[in-house]
Amino acid sequence: MARKSNKKQIETSNIYAYLAYKFLIALMALLIAQIFFHICNLHLFHIEGFNNWMRLILGNIVFGVFTVALVLLPFLVLNLIPGSWRWNRGARIISEILYVIPVLFITITTCCDGPYFQHTFRLLSSEIFAYLGIGGQMGSLVPLFIRDYWFVSLGLIASILPWAWLDSRIALTERSHHKS
């Protein structure tokens with residue numbers, strides 16, 4: 001089952017425990033980014049009373065679970081397909097890419113939504129790339145956005161660092177084919 005190694009990692013051969021752990025820490029990163037979004041827009045939301053706060057929190061959790069499940073679907077499906085191919089180095093790299101890129105994408109876009117929502121009252125969508133790409137100005141606008149919205153970097157750090165640290169703590173190990 002799960003055991004600790006000298007590298008302070010949790011090693012498990014249980015694919016379900018491994019996937020549940022990865023899913024939960026991705027959800028945690030998204031929830032931290034959502035907290036950052038709400039802090040950025042606190043002045044726009046008039047939430048009064050405990051019940052309204054609980055509804056907001058529950059709504060964020062439900063949204064987060066569905067979002068993480070959707071973006072991690074290829075990662076989850078790939079890892080649930082049985083076979084010894086799973087231990088191939090190339091398969092492990094593809095699996096990690098299918099995990100890391102979507103988690104980074106949803107975390108970054110949720111943090112960037114914080115200041116963006118204040119101006120548009122909408123969340124980021126694919127049209128932002130068309131807007132930034134007009135006239136090839138994206139390269140010159142990004143440094144200005146980073147300067148003007150430096151606090152987004154703090155939200156990203158608060159979301160991504162705990163996720164990266166926790167993600168580095170678990171390793172999936174191959175099951176032994178015989179019992180001792």
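## Close-up views of a predicted model

**Figure 1. Threonine 110 and its distant neighbours.** Setting aside neighbours within four places in sequence, threonine 110 is in contact with Leu30, Ala33, Gln34 and Phe37. The model shown here and in every view below is predicted. Threonine 110 sits in helix 4, which covers residues 89–120. Its relative accessible area is 13%, under the 20% limit, so threonine 110 counts as buried. The side chain of threonine 110 also reaches back along the chain. It comes to 2.6 Å from the backbone oxygen of isoleucine 106.

**Figure 2. Phenylalanine 36 beside threonine 110.** Phenylalanine 36 belongs to helix 1. Along the chain, phenylalanine 36 and threonine 110 are 74 residues apart. In space, their C-alpha atoms are separated by 8.4 Å. Phenylalanine 36 is buried, because its relative accessibility of 12% falls under 20%. Which residues does phenylalanine 36 touch, not counting those up to four places away in sequence? They are Cys111, Phe151, Val152 and Gly155.

**Figure 3. The largest nonpolar core.** This core has 26 residues. Those with the most contacts inside it are Tyr18, Val68, Leu72, Tyr99 and Trp163. Five elements are labelled for this view: helix 1 (15–40), helix 3 (73–80), helix 4, helix 7 (151–167) and strand 3 (170–172) each give two or more residues to the core. Helix 1 gives the most, with twelve residues.

**Figure 4. Leucine 72 and its contacts.** Leucine 72 is among the residues with the most contacts inside the largest nonpolar core. Which residues is leucine 72 in contact with, once neighbours within four places in sequence are left aside? The list is Phe23, Ala26, Leu98, Tyr99, Pro102 and Val103. Tyr99 appears here as a contact of leucine 72, and Tyr99 is also named among the best-connected residues of the core.

**Figure 5. Cysteines without a bond.** The structure holds zero disulfides. Cysteine 40 is in none, and the nearest cysteine sulfur, that of cysteine 111, is 8.1 Å away. Is cysteine 40 buried or exposed? It is buried, because its relative accessible area of 11% is under 20%. Why is cysteine 112 not bonded to cysteine 111? The two sulfurs are 7.0 Å apart, which is too far for a bond, because a disulfide needs sulfur atoms within 2.5 Å. Cysteine 111 holds the closest cysteine sulfur to that of cysteine 112. Cysteine 112 is partly exposed, because its relative accessible area of 28% lies between the 20% and 50% limits.

**Figure 6. The whole chain, for orientation.** The protein chain has seven helices and three strands. Read along the sequence, they follow the pattern β-β-α-α-α-α-α-α-α-β. Of its 180 residues, 33% count as buried. The accessible surface of the chain comes to about 11,700 Å², and 70% of it belongs to carbon and sulfur atoms. Among contacts with a separation of 6 or more, 76% join residues 24 or more positions apart.

**Figure 7. Confidence along the chain.** The mean pLDDT of the protein chain is 85. A pLDDT of 70 or more is reached by 81% of the residues. Which element has the lowest mean pLDDT, and which the highest? Strand 1, residues 3–4, has the lowest, at 53. Helix 3 has the highest, at 96. Helix 3 is also one of the elements that give two or more residues to the largest nonpolar core.

Technical notes:
Residues numbered from 1 in each chain as written. Predicted model: local features only at pLDDT ≥ 70, side-chain atom pairs only at ≥ 80, totals over all residues. Heavy atoms only, no water. Helix = DSSP H or I, 4+ residues; strand = E, 2+ residues; numbered from the N terminus. Buried < 20%, exposed > 50% of the residue type's maximum accessible area, 1.4 Å probe, protein only. Polar contact = N/O pair within 3.5 Å; in protein donor to acceptor, adjacent residues only side chain to side chain. Contact = heavy atoms within 4.5 Å. Core = buried A, V, L, I, M, F, W, Y, C linked by side-chain atoms within 4.5 Å. pLDDT = per-residue confidence, 0-100. Areas by Shrake-Rupley, 256 points an atom, 1.4 Å probe, with all protein chains shown as cover.
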